[in-house]
Amino acid sequence: MNKKAIGILGLVLAAALAVFSWGVLPDTVAVQINTRGEVTNTMPRILAILVPFLVSAFGSVMTMMDREEGSKKGLILAIVGIFAMVLTLFFNR
């Protein structure tokens, strides 16, 4: 699979997760949980969705524009953003 297709796939996946998250997450989202399972930090839903989406989008665009063979920096960044969205959904279900 070429870099452009991987980047587009990352963008589509991040956008789909963001739209799904908007419908599922509460207005105030837990973003930090201590070892006892208590919420120690929260943020508004819009920021909890927007920050990982922007990280994923930036990584996806980096992947599409990268001319260096074998470089995976953008791909790793896109995966980190998507993983952050999935974790946010998991801990706020």
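This short presentation follows one residue, Ser21, outward to the helices and the core around it.

Good morning. Please keep in mind that the model is predicted.

I begin with the residue itself. Ser21 lies in helix 1, which covers residues 3-24. Is Ser21 buried or exposed? Its relative accessible area is 2%, and because buried means under 20%, Ser21 counts as buried. Leaving aside residues up to four places away in sequence, Ser21 touches Arg45, Ile49 and Leu89.

Two of these partners, Arg45 and Ile49, lead us to helix 2, residues 45-65. How are the two helices arranged? In general, a pair of packed helices is described by the angle and the distance between their axes. Here the axes of helix 1 and helix 2 come within 8 Å and cross at roughly 175°. Helix 1 is therefore roughly antiparallel to helix 2. On the side of helix 1, the contact includes Gly7, Leu11, Ala14, Ala18, Ser21 and Trp22; helix 2 contributes, among others, Arg45, Ile49, Phe53 and Ala57. By class, the residues of this contact comprise 12 nonpolar, 6 polar and 3 charged.

Let me return to Ile49. With the same sequence neighbours left out, Ile49 touches Ala18, Ser21, Trp22 and Leu25.

Ile49 also belongs to the largest nonpolar core, which has 10 residues. Among its other members are Ala14, Leu17, Ala18 and Leu25, as well as Leu89, a residue that Ser21 touches. Which helices supply this core with at least two residues each? They are helix 1, helix 2 and helix 3, the last of these spanning 73-91.

Thank you for your attention.

Methods:
Residues are numbered from 1 along each chain as its sequence is written. This is a predicted model: local features need pLDDT of at least 70, side-chain atom pairs count only at pLDDT 80 or more; totals for chains, interfaces and linings use all residues. Side-chain values use heavy atoms; hydrogens and water are left out. Helices (H or I, at least four residues) and strands (E, at least two) are DSSP runs, numbered from the N terminus. Buried means under 20% relative accessible area, exposed over 50%, partly exposed in between (1.4 Å probe, protein chains only). Contact means heavy atoms within 4.5 Å. Axes are lines fitted to C-alpha atoms, for helices over the stretch in contact, and angles run from 0 to 180 degrees between N-to-C directions. Angles under 35 degrees count as roughly parallel, over 145 as roughly antiparallel, 65 to 115 as roughly perpendicular and the rest as oblique. Ala, Val, Leu, Ile, Met, Phe, Trp, Tyr, Cys and Pro count as nonpolar, Asp, Glu, Lys and Arg as charged, and the others, Gly among them, as polar. A nonpolar core is a set of buried Ala, Val, Leu, Ile, Met, Phe, Trp, Tyr and Cys residues joined through side-chain atoms within 4.5 Å.
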